[in-house]
Amino acid sequence: MFRRFASLPTARRRLLPVALSVLTAVRLLLLLIPFRFVRRAIARARVPIASSRVRVADVAWAIETAALGSRAVNTCLAEALAADVLLRSAGVAGQLRFAAGRHLSGRFSAHAWLELPDGSIVGTPPPADVTLAPLLSAS
């Protein structure tokens, strides 16, 4: 595992531990306090990253990898909020998007993701068998 980590490009090697830390902190905040307070805390949060070297693709990779490597329950909301912190720290603003709908089986589903000004999306895509209706967005 260490060899694999060591073989990563420097930017990703530096970003992965930061992404894991931010994702863990966001998860804890979501468990402990109401969302409106979490959102305010996230809006002010900054992490020390070299903004000139951070690419959106690297942040998306780091969040996805941190989520996969964690034993905690991951949610699209935690991943989107963590990506928002990292990207805003690098000077890239995004819109947090929320949507809800039903699976083809009738089961309710909700999803959150981060949408960037260029239209790209950071976060896990919604399941293919769900038709989602936008609920709101937050900057």
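Where is the place of S89? Select helix 5, which covers residues 76-89, and you will find S89 there; keep in mind throughout this tour that the model is a predicted one. With S89 highlighted, turn on the surface: the residue has a relative accessible area of 14%, and because buried means under 20%, S89 counts as buried. Now show the side chain of S89 and follow it to the backbone oxygen of V85, which the side chain reaches at 2.8 Å.

Next, move to the aromatic rings. A search of the whole structure finds one aromatic pair, and selecting F35 together with F98 brings this edge-to-face pair into view, with 6.0 Å from centre to centre and 90° between the planes. Colour by secondary structure at this point: F35 belongs to helix 3 (residues 35-44) and F98 to strand 1 (residues 95-103), so the pair ties together parts that are 63 residues apart in sequence. The accessibility of each partner can be examined in turn, for F35 is partly exposed at 32% relative accessibility, while F98, at 16%, counts as buried.

For the last stop, select L28, L31, L32, I33 and F37, which form a nonpolar patch on the surface and together have about 520 Å² of accessible area. Then add helix 2, residues 10-32, to the selection, as this helix gives the most to the nonpolar patch, with three residues. Finish on L31, which lies in helix 2 and, at 70% relative accessibility, counts as exposed, because exposed means over 50%.

Key. Residues numbered from 1 in each chain as written. Predicted model: local features only at pLDDT ≥ 70, side-chain atom pairs only at ≥ 80, totals over all residues. Heavy atoms only, no water. Patch = residues over 30% accessible without salt bridge, like charges linked within 9 Å, V, L, I, M, F, W, Y side chains within 5 Å. Areas by Shrake-Rupley, 256 points an atom, 1.4 Å probe, with all protein chains shown as cover. Salt bridge = Lys/Arg side-chain N within 4 Å of Asp/Glu carboxyl O. Helix = DSSP H or I, 4+ residues; strand = E, 2+ residues; numbered from the N terminus. Buried < 20%, exposed > 50% of the residue type's maximum accessible area, 1.4 Å probe, protein only. Polar contact = N/O pair within 3.5 Å; in protein donor to acceptor, adjacent residues only side chain to side chain. Phe/Tyr/Trp six-rings, centres within 6.5 Å; stacked < 30°, edge-to-face > 60°.
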